[in-house]
Amino acid sequence: MKAAVLAACPTARLVDISHSVEPFDIRGGGFVVWAGSQGFPPGSVHLAVVDPGVGSDRRALALRAGTNFYVGPDNGLFSMVVARRTDVEAVSLVRPRAASATFEGRDVFAPAAGRLAGGVRLNELGEPCADLALLPDPGPSVLWIDGFGNLVTNLNPPVGALRIGGQTVSASARTYAEAPSRIPFWYIGSLGLVEIGVRQGRADRVLGVGIGAAIEELPPS
Amino acid sequence: MKAAVLAACPTARLVDISHSVEPFDIRGGGFVVWAGSQGFPPGSVHLAVVDPGVGSDRRALALRAGTNFYVGPDNGLFSMVVARRTDVEAVSLVRPRAASATFEGRDVFAPAAGRLAGGVRLNELGEPCADLALLPDPGPSVLWIDGFGNLVTNLNPPVGALRIGGQTVSASARTYAEAPSRIPFWYIGSLGLVEIGVRQGRADRVLGVGIGAAIEELPPS
Amino acid sequence: MKAAVLAACPTARLVDISHSVEPFDIRGGGFVVWAGSQGFPPGSVHLAVVDPGVGSDRRALALRAGTNFYVGPDNGLFSMVVARRTDVEAVSLVRPRAASATFEGRDVFAPAAGRLAGGVRLNELGEPCADLALLPDPGPSVLWIDGFGNLVTNLNPPVGALRIGGQTVSASARTYAEAPSRIPFWYIGSLGLVEIGVRQGRADRVLGVGIGAAIEELPPS
C-alpha cells in the first residue's frame, strides 16, 4: 500500500498511525481513524482499512471532513468521523480496471489516497454519494482501550458517577499524579473525552471490561 | 540503520516493510523482500537483513533487478528475487574499514543503500560478482503466512485440487465474500500467486501447517 | 505526537526508533534514547517519553548534547545522554497555555521537537536549567536486552571474566560466527560496549537475568 501511495505521489510523507486494530473490529478502527486524524496539518489524507468485506460489493470511499481527507471502505469505518462533523463530502471511488479483487487497500484505496495527497480534487476521484454505511450509535460506552489499560469513552465531560463493569466510578482527577491509588477514576483525556484509568494499574482489568462495554451515568445522589 | 541511511542520503524516504520475519528464517525473509519490493517507484532501494551469518565471511551484496535495487547479505536472502528476474546484476560490497564485525546492517548495508538512494551507481560500490548464494528450489510449498492465517504459495494460477497438511483443498473463489464458510479454498492473491484461505477462519490452523509446508497438485479426477 | 511535530515543521522527516520500552522503565528508555540517537546527521531531534510522572510537576526539557537535540520529561530519561557528554545545554520548556494536563507528549514535547527541527534555537524554547533529574549510577550492569536475548552492558572493552546471574562468562569472540556454541561469551557490540551473547541461543535465558542485572568483573586468575 505504501508503494502504491508513493507511486501516485512520490513526495508523500507517510505516517503510520496504528496497526493494532483487531481484525474485523470496525468500531475500534473507526475510533482510531477519527482520533488519529486529529491535529494533522490541513490537507492530510487518512487511509484506513478494516476487514472483512473485501471482495464484497461494498463501495470504496473518499471523504472530506473539515480539512482532512479520508479513504477506505464503505463499511461503517467512518461512522465516527461523519457523526462528529457537519461538513462531510463523499465520493464513491472509481475502481481501476486492473484492481485485484482481494486487495483493495493496494489497488483502490492507496492510489486514491496518493492522488489526493498530490493535489487531485475529491470530485475527480468518483461520483458524489450520500447514503454512507454507518454503525448504529452505541450509546454511552468504551470506544478504545489504550496500551496502559485506560478506557476512552464517548462521554463528554463533566460527568457525575459512572456505572461500568458492575462497579461505580465516582472519583475524578485532573491528572494521574493527583489520582487516588488503585481506584478507578475518570479524567479528561487528550481527545477531550472522558477516560477512565487506574493509577499504576490497568482500568480494563480492574473493571473487567473491553471495547464496547456499556456505561451508565448515575444521577447525582 | 536508518541513521546510517540518512547520513548517506539526507533526502531518503524510509518505508518499513516488515519486522516480523523470524530470526534465522532466510526463506521467509526472502519472500518478504521479493513481495515487499513490488510496486515501488523505479530506483527504489530495498535493504534486507536476516541473520544468522553475521561476522562470518559471507559477502555483502548490492543487486539491481529490473528497476529495483537490493542490499543485504549473500546468504540466500535474494534467492526469490534472482529466480524471478533474468536481468539481475550484482556487486560484492567493499566493506568500510571502520565497519563493526557484528553489525553489518548499520556499517555495511545501510551506507550502501543510502548511497544507491542518493544516485551512486551500482558498480561504484564494489566488484561485479556472479555466483550468488541461492537456496534450493523448495518445490510447491507455502512461502508465507499472513496475519490472517492465509497461506501464500509459490504456485501460479490456475490450479486444480491441492493436497496440503493431509487435507484436500478443492474449492476456489474469486473473493473472500464469495467463498464457502469454514472450508479451505484457493484464490489468486494480491501477488498473482495461489493463496489458500478460510473465510472467517485461519487456514494455517485449519490445515495445521506452517511456512515451508509442501503442497501436492492433484491430477484432475 | 507525529501530527504535532508535522504541524510545527511540515518538512520534518520522522523516524521511529522504538516502541518496545516497558511502561515506567526510565532506565531502559534512557538507554534507547542514547543508543538510538547515535549516528544521526547533525541537528537531529530525538523525542522521548517514558511514563510515569505525567501530570506531576516535573519539568519538560529540551537539551543539546553535541550535535543532537533531545526533548522529553525531566525524570531521569536523559541520564545516560548527560553522563556521556560534557557539552550538554538544557532549557526548561515553556508549556503552551492550552496544553492538556495528561498528554504532554502531544502538547508540550512534540511541538518543541518540531520547532527545533524547523530551525528554532534552543534558547527560544525556555529558560536555561542546570540541575537535571538524573538516575544514580547503576554500577556495572545490563543496560538493555535486544530481540535476540543479547545483553548490552555499560562496560567498556576489554574485560576479563565476568560474573553475572550466578555464572561466570570467560569466553570472548570477535563475532558470533567465531563464538563457541551454547556458551555465554562477551563481544564488542555495535555501540562499542561489552555485550554478552549465546550463539544460536538467548543469553538472557541461559543466564536467567533481565535489564538492570548486576555484573561483577573478576580479577585475572
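Start on the surface of chain A, where A:Met1, A:Val49 and A:Phe103 come together as a nonpolar patch. Between them, these residues offer about 210 Å² of accessible area. Keep in mind that you're looking at a predicted model.

Now pick out A:Met1 from that trio. You'll find A:Met1 in the segment that precedes α1 (2-8) of chain A. Is A:Met1 buried, exposed or partly exposed? Its relative accessibility is 36%, and because partly exposed covers the range between under 20% (buried) and over 50% (exposed), A:Met1 counts as partly exposed.

Next, step back and see how chain C relates to chain A. Give chain C a turn of 120° with a shift of 0.0 Å along the axis, and it can be laid on chain A with an RMSD of 0.0 Å. That's the relation you get from a three-fold axis. The copies don't use matching surfaces, though: just 5% of the contact residues of chain C recur in chain A, so the surfaces count as different. Which residue of chain C comes closest to the rotation axis? That's C:Arg13, with its C-alpha at 4.7 Å.

While you're in chain C, have a look at another arginine, C:Arg58. This one sits in the loop that links β1 (45-47) to β2 (60-65). C:Arg58 has a relative accessibility of 9%, so it counts as buried. And what does its side chain touch? The side chain of C:Arg58 makes a polar contact with the side chain of C:Glu104, at 2.4 Å.

Terms used:
Residues are numbered from 1 along each chain as its sequence is written. Chains are lettered from A and ligands numbered from 1 in the order in which they are written. This is a predicted model: local features need pLDDT of at least 70, side-chain atom pairs count only at pLDDT 80 or more; totals for chains, interfaces and linings use all residues. Side-chain values use heavy atoms; hydrogens and water are left out. Patches are made of residues with over 30% relative accessible area and no salt bridge: like charges are joined within 9 Å, nonpolar side chains (Val, Leu, Ile, Met, Phe, Trp, Tyr) within 5 Å. Accessible areas come from the Shrake-Rupley method with a 1.4 Å probe; for residues, only the protein chains shown count as cover. A salt bridge is a side-chain nitrogen of Lys or Arg within 4 Å of a carboxyl oxygen of Asp or Glu. Helices (H or I, at least four residues) and strands (E, at least two) are DSSP runs, numbered from the N terminus. Buried means under 20% relative accessible area, exposed over 50%, partly exposed in between (1.4 Å probe, protein chains only). Copies are superposed by least squares on the C-alpha atoms of residues with pLDDT of at least 70 in both. Contact means heavy atoms within 4.5 Å. A polar contact is a pair of N or O atoms within 3.5 Å; within protein, one must be able to donate a hydrogen and the other to accept it, and residues adjacent in sequence count only if both atoms are side-chain atoms.
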